[in-house]
Amino acid sequence: MSEQAEHPEAESKSTLEESPGFAPPRPETGWNPWQARQRRAPIKTTLYMVGVLMVLFSATLLPPIAVAWWYDGMSVVMPFAETLAATLGLGLLCWLPVCRFKVDLRNRDGFVVVVAFWVLLSLLGAIPFVLAEHPHMRLVDAVFETASGLTTTGATILSDLDALPKAILYYRAQLNLLGGMGVVVLAVALLPMLGVGGMQLYKAETPGPMKDEKLTPRITETAKNLWVIYFGLNVACALSFWVAGMSPFDAVCHSFSTLALGGFSTHDASIGYFHSLPIELVSGVFTLIAAVNFALYFMAWRRRSLWLVFQDAEFQFFLVVIGGIVALTCAYLYFSDTFPLVDSLVHGFFQSLSIVTSNGHTSAGYSADWPFFVPLLLLLGSFFGGCVGSTCGGIKAVRFLLLYKQSVREIRLLIRPTAQIAVKLGNRPIQDRVMQAVWGFYYLYIFCYCALSLALVATGLDLVTAFGSAAAGLNNMGVGLGDTASNFSPLSDTATVLMTMAMVVGRLEVFPVLLLFHSDFWKG
C-alpha cells in the first residue's frame with residue numbers, strides 16, 4: 001500500500017496545496033485553510049445528527065394521530081399531522097445537504113447535538129398545543145408544556161384536563177414516555193443502522209457520575225436493553241392500573257407518566273381523581289421501581305437473580321433515605337389528625353415516593369389540605385431524587401452517598417492526618433476524578449438553584465412560590481409551593497421562560513448545557 005493510501009489526509013492536503021489560489025499559513029496570524037475546513041466539520045456533524053433525530057421524532061407523532069382519529073375527529077388530527085410534516089421537513093432540510101458527509105462523532109459533538117435536539121424538540125413539540133382549537137395555547141406556554149413533558153417534570157399550565165381531547169392527553173403522556181429513558185438513548189439504538197456511532201450521545205444524555213460504564217460491549221445493545229426493560233415495565237404498570245380500576249386509556253397514559261416519573265395525568269386532580277387506595281399503591285410501587293437504576297434490572301435479568309439489585313450500595317442507601325422520609329410523612333399525617341392510620345400509611349407512602357423521586361403525581365388534598373410541613377419536607381427530598389440510571393430527577397442518591405462518605409473521610413483525617421483512607425462505593429474505591437466531578441456538579445446544581453430562585457423572585461413571585469417553583473423545575477419534579485402548588489399558570493411570561501430553561505438544564509444535569517458557554521469548549 002502506498003504512503004498516500006495509508007495517509008489520506010496527507011493526500012488531501014497535497015491536493016489543497018496544488019489548487020489555484022492556495023495561500024500558505026501566515027506566521028503572524030497562524031491562519032491555515034486546511035484547519036479552517038476541519039473546524040467546519042462539527043457543524044456538518046451537528047446538522048446530520050439533528051436532522052436524523054428529528055426525522056425519527058416525527059414518527060412518534062403517528063400514535064397521537066391515530067388516537068385523535070379514533071376518539072376526537074379530523075379537527076384534532078390536523079394539528080398533529082401538520083406538526084409531523086413540519087418536523088419531518090425540517091429534519092430533511094438539515095440532513096439532505098450533508099447526507100453524504102461521513103460522520104465522525106466526538107464527545108464534543110455529542111453534547112452539542114443533545115442540547116440542540118432538546119431545544120428544537122421543545123419548540124417543534126409545542127406546535128400541536130398552539131394549533132389545536134382546544135387548548136389553543138400561546139407559544140411560550142406551549143413550549144413550557146412540551147419541555148415539561150419531555151424532561152419528565154410534569155409541571156403544567158393547562159387546566160380543565162378532563163374536558164381536553166383524548167389525543168392531547170395521550171400526547172402529553174407520550175412526551176413523558178419518550179423523555180423518561182431519553183429520546184436520544186432510543187436514537188442510539190437506531191443510529192447504527194445509518195452507520196453512525198452513538199456513544200457520545202449516550203454519555204451526554206445519561207445521568208450520573210460514572211457514564212462510561214456499559215451493560216454490554218456495544219452501546220447499541222445497551223440502549224436496546226434499557227428500552228426493552230422500560231417498555232416491559234410500562235406494560236406491567238398499565239395492566240396493574242387497569243386491574244386496580246382505571247379505564248384502559250387512563251391506565252396507559254398513567255403508566256407512561258409513572259415509569260417515566262413524569263407526572264402528567266389525564267385529570268386535574270391527578271391520582272386523587274380516582275379516590276382509590278389500590279391505585280395509589282400501584283402508583284407508589286411502580287414509582288419505587290422506576291427510581292432504581294435500570295442497569296441493575298438488566299444485570300438481574302441476565303443472571304436470573306434479584307439479589308444483585310439489593311446488593312447495590314446506592315440502592316441500599318436509597319432505601320434507607322426514602323424509608324425514613326416515608327415513615328416521617330406517614331407519622332406526621334397521622335399524628336396531625338390529617339388522616340386515619342390506614343389512609344395516612346397509603347397516602348404517605350404514595351405521596352412521598354411520588355414527590356421525592358420527581359414523579360409529581362398527587363393525591364387528594366395534597367396542595368390545599370395537608371399540613372405545610374409535609375409538602376416542604378417532600379420538596380426538599382426531591383433534591384435527593386432516586387438512583388442514577390433511573391428516570392428520576394434531582395441530584396441522585398449515589399452523589400449524596402459519595403458526598404457523605406467523603407465527609408466521613410474528612411472527619412477521620414482530622415483525627416488521623418497521615419492515614420490513607422479511600423472513599424469506596426461497595427467494595428470498589430472511587431477515583432479522585434469522580435469525587436471532583438461530584439463536588440463540581442453539586443456546587444453548580446446548588447448555584448443554579450439559588451440563581452433561578454432569585455430570578456423568579458425578581459419577576460414578582462413571593463419567596464415560597466419562587467423557591468418551590470425553582471425546585472420543581474430544576475429537580476424535574478413538577479409540584480411547586482404557594483401559587484404553583486397545583487398549576488404553573490400564575491407565572492409571568494418571563495418566569496415561564498426561566499422555568500423552561502431550568503427544566504432542560506435539570507434534565508441534562510447542568511454540565512452539557514454549561515459546557516456550551518465555556519470558551520475552551522469551542523477551541524481546537
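**Entry 1. Nonpolar surface patch**

I took a nonpolar patch to consist of nonpolar side chains joined within 5 Å, from residues with over 30% relative accessible area and no salt bridge. The model I searched is a predicted one. I found a patch of about 590 Å², made by L277, Y334, F335, L341, V342 and L345. I then asked which helices each supply at least two residues of it. These are α17 (313–335) and α18 (341–356). Helix α18 gives the largest share, three residues.

I looked up Y334 separately and placed this residue in helix α17. Its relative accessible area is 35%, which makes Y334 partly exposed. Y334 qualifies for the patch because the cut-off is over 30% and its value is 35%.

**Entry 2. Aromatic pairs**

I described each pair of rings by the distance of the centres and the angle of the planes. My count came to 29 aromatic pairs. I examined Y71 and F249, whose ring centres are 5.6 Å apart with 65° between the planes, an edge-to-face pair. Y71 belongs to helix α4 (residues 62–72) and F249 to helix α13 (residues 248–259), so this contact ties together parts 178 residues apart in sequence. Is each partner buried or partly exposed? I noted Y71 as partly exposed, at 44% relative accessible area, and F249 as buried, at 12%.

I next recorded F80 and Y171, with centres 5.2 Å apart and planes at 70°, so this pair is also edge-to-face. F80 is in helix α5 (residues 74–95) and Y171 in helix α9 (residues 166–181), so the pair joins parts 91 residues apart in sequence. Both F80 and Y171 are buried.

I also traced a cluster linked by ring pairs, which takes in F317, F318, F384, F400, W439 and Y442.

**Entry 3. Charges over rings**

I found R172 over the face of F264, 4.0 Å from the ring centre. I also found the charged end of R304 over the ring of W301, at 5.3 Å from its centre.

**Entry 4. Salt bridges**

Side chains of opposite charge can pair when their charged atoms come close. How many salt bridges did I find in the whole structure? The search gave six.

I returned to R172, since this residue also forms a salt bridge with E145, with the closest N and O atoms 3.1 Å apart. This pair links distant parts of the chain, as E145 is in helix α8 (residues 139–150) and R172 in helix α9, 27 residues apart. I noted E145 and R172 as both buried.

I then looked up R138 and D141, which meet in a salt bridge of 3.2 Å, N to O. R138 is partly exposed at 43% relative accessibility, whereas D141 is buried at 13%.

I recorded a further bridge between E509 and R399, with the closest N and O atoms 3.0 Å apart. E509 lies in the loop between α23 and α24 (511–515) and R399 in helix α20 (residues 397–415), so the bridge ties together parts 110 residues apart in sequence. Both E509 and R399 are buried. Elsewhere, I found R138, D141 and D493 joined into one network by salt bridges that share partners.

**Entry 5. A polar contact in α23**

I located T500 in helix α23 (residues 493–507). T500 is buried, with a relative accessible area of 12%. What does its side chain reach at 2.8 Å? I found that the T500 side chain reaches the backbone oxygen of T496.

Terms used. Residues are numbered from 1 along each chain as its sequence is written. This is a predicted model: local features need pLDDT of at least 70, side-chain atom pairs count only at pLDDT 80 or more; totals for chains, interfaces and linings use all residues. Side-chain values use heavy atoms; hydrogens and water are left out. Rings of Phe, Tyr and Trp (its six-membered ring) pair if their centres lie within 6.5 Å; planes under 30 degrees apart count as stacked, over 60 as edge-to-face and the rest as tilted. Helices (H or I, at least four residues) and strands (E, at least two) are DSSP runs, numbered from the N terminus. Buried means under 20% relative accessible area, exposed over 50%, partly exposed in between (1.4 Å probe, protein chains only). A charge sits over a ring if NZ of Lys or CZ of Arg is within 6 Å of the ring centre and within 35 degrees of the ring normal. Patches are made of residues with over 30% relative accessible area and no salt bridge: like charges are joined within 9 Å, nonpolar side chains (Val, Leu, Ile, Met, Phe, Trp, Tyr) within 5 Å. Accessible areas come from the Shrake-Rupley method with a 1.4 Å probe; for residues, only the protein chains shown count as cover. A salt bridge is a side-chain nitrogen of Lys or Arg within 4 Å of a carboxyl oxygen of Asp or Glu. A polar contact is a pair of N or O atoms within 3.5 Å; within protein, one must be able to donate a hydrogen and the other to accept it, and residues adjacent in sequence count only if both atoms are side-chain atoms.
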